Amino acid sequence: MDFTKLKQGDRRALSKTISLVENGELNSADISNIFSDIELAEVWAITGSPGVGKSCICEHIIDNWLNSNQKIAVLAVDPSSPLSGGALLGDRIRINNSDNSDNLYFRSLATRGQSGAIPSNIIDIVHLLSALKFEKILIETVGAGQAEVRVAAVSKFLLLVEAPDSGDMLQAEKAGLMELADIILVNKSDLERANEKEEQLKLALKLSEHEIPPVLMVSAKEKTGFEELFVEMMKMPQKSRSQSLKSRISLSYAWESLLWKHKDIDTIIEKLDSKDITLDEALNHLKGG
Amino acid sequence: MDEHLRIIIAKPGLDGHDRGAKVVARALRDAGHEVIYTGLRRTPEEIVRTVIDEDADFLGLSSLSGAHNFLIPKIIELLVESDCNDVIVFAGGIIPEKDRPNLFSKGVRAIFGPGTSSIQMSEFVDSASKRRVESLPVGCGEDTDWHWN
C-alpha cells in the first residue's frame, strides 16, 4: 500500500486509512511502521447518559479549540443496530461546526456489534491521528451505561456530563464513571433543579476516598459556564487522577479488543449459540489461538 | 466493496423539511448500512467535506426547494475536484421529470420521488454496489450513462 498521500496530510487518504483500521485491516503496529516518531495527542472523551447534552457541549469545546488555531479531530461514536448491523450516525446534526473548518477532522464511527460504548479499533484510530500530528482529539461516546468505563481507557482525560433529573442520587453514586472523571459537568444549569443535582454529586463525591474532580455548572443552550470549563481543561495536562485504575481498564479493554479481533470469533459465537461447545471450551480455544 | 457501506444523507440548500431524508436514513440503516445524516441547510462545500471525512461510498441529496438544478451539479463538480469521482450520488425529494435527464447526465445515478419504497432504495444501493465490485463505472465522476431509474 502507498501511504505517500496520507503522510502529506491528505484528508481523503486519512479517511480511507481510518476505514482500513475500522475494518481491521490495519492496526497500531502497522501505523508505527509507517510513521517514525508518534507522540500521543491530548485525548479527551466526553460521556454521559443519552440526552444530557454531550453533542452541544462538544460544539462549544470544538469552537474553543478552533479559535486557538489547533489541529483537532473528533470521533463521534453511535451504536450499531444489533439486528441489521446498520447504524444511524447523527452527531453532525447537533454539532453544527462539524463540517466548516480545515483544521477540524470529524469522523462518525459505529460500534459495529461490540458491546460497550466504543468500538474496539478506536485505540488504533487515535494512534493514527496522533501520528498525523493532531494536537487534540475529542471522542464522543454513546450515552454510556453505568458500567461502561472503557471510555476512560482510550482517553487521557474524561469529561462526564450530567443533567438535572438524570437519575436519582443513588445512581450517581453507583456509577463507576464518576470515580474516573477528570471533570464533571452539570449541563442545563438554566433549569431549576440543576443546583440540586450539583449538590447531590458533590455529596456523593465527598464520600469517595479518591481525590475529587471539579464539578462545574454549564448551560450549552445559554452558553454559560464554559469559560470555567476551558480553564479547567487547560490545567488538566499537568495533573491526572486515578491513574492506576485507568491502566487497569486500559489493559482489560486491550484484552477485549484482542478477543473481538480473533480469527475464529464468529465460528465460536455460532457454536455457543447452537450449544455445540461450553463457555469454558470457548475460552480455552480463544486463549490457545 | 466493504462489508459496511457508508452512506451520507445530506440536505443542501434552504428548505427546512427533512422528514423524507430521515425516513430514508432510517430505511438504509435497517438495510444494514452505516448512515450519516448531515442535518439541514448545508452548503455544497460542507457536504463535500463531510463526504471526504466520513469516507462515504454513497451520497444521497434531498431537495425540496427547487434549487436542485443548481445545487446538485455544483456538489458533483466539487466532488470531482476533490478526487471523489468514485462516490455514488443519488437524489430525492421534489425533482420534476423534466429536470431528471440533465441531472443523470451530470452523474446522478438515481432519483427518488414521493412514493418510493424502501425496497426500491435498497435495490438501487445493491445494484450500484454490484457495479462497483465488478469495476464498472458508477461513481459521480465516472464516465457512464448508467442510472437506476
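Let me begin at the place where the two chains meet as strands: A:Leu88 has B:Val35, in strand 2 of chain B, as its bridge partner. Around that pair, strand 3 of chain A, residues 87-89, and strand 2 of chain B run parallel and are joined by three bridges; strands are DSSP runs (E, at least two residues) and helices likewise (H or I, at least four), numbered from the N terminus, and two strands pair if DSSP finds at least two bridges between them.

I should say early that this is a predicted model, in which local features need pLDDT of at least 70 and side-chain atom pairs count only at pLDDT 80 or more, while totals for chains, interfaces and linings use all residues. Residues are numbered from 1 along each chain as its sequence is written, and chains are lettered from A and ligands numbered from 1 in the order in which they are written.

Turning to the interface, 24 residues of chain B are in contact with 24 residues of chain A, contact being C-beta atoms, placed from the backbone, within 7 Å. On the chain B side, helix 1 (19-30), strand 2 (34-37) and helix 2 (44-54) each supply at least two residues, and helix 2 gives the largest share, six residues.

Within chain A, seven strands form an open parallel sheet in the order 4-2-5-1-6-7-8. Its edges are strand 4 (104-110) and strand 8 (215-217), each of which pairs on one side only. At the latter edge, strand 7, residues 183-186, is joined to strand 8 by three bridges in the parallel sense, and there A:Ile184 has A:Val215 as its bridge partner.

Methods: Two residues are in contact if their C-beta atoms, placed from the backbone, lie within 7 Å.
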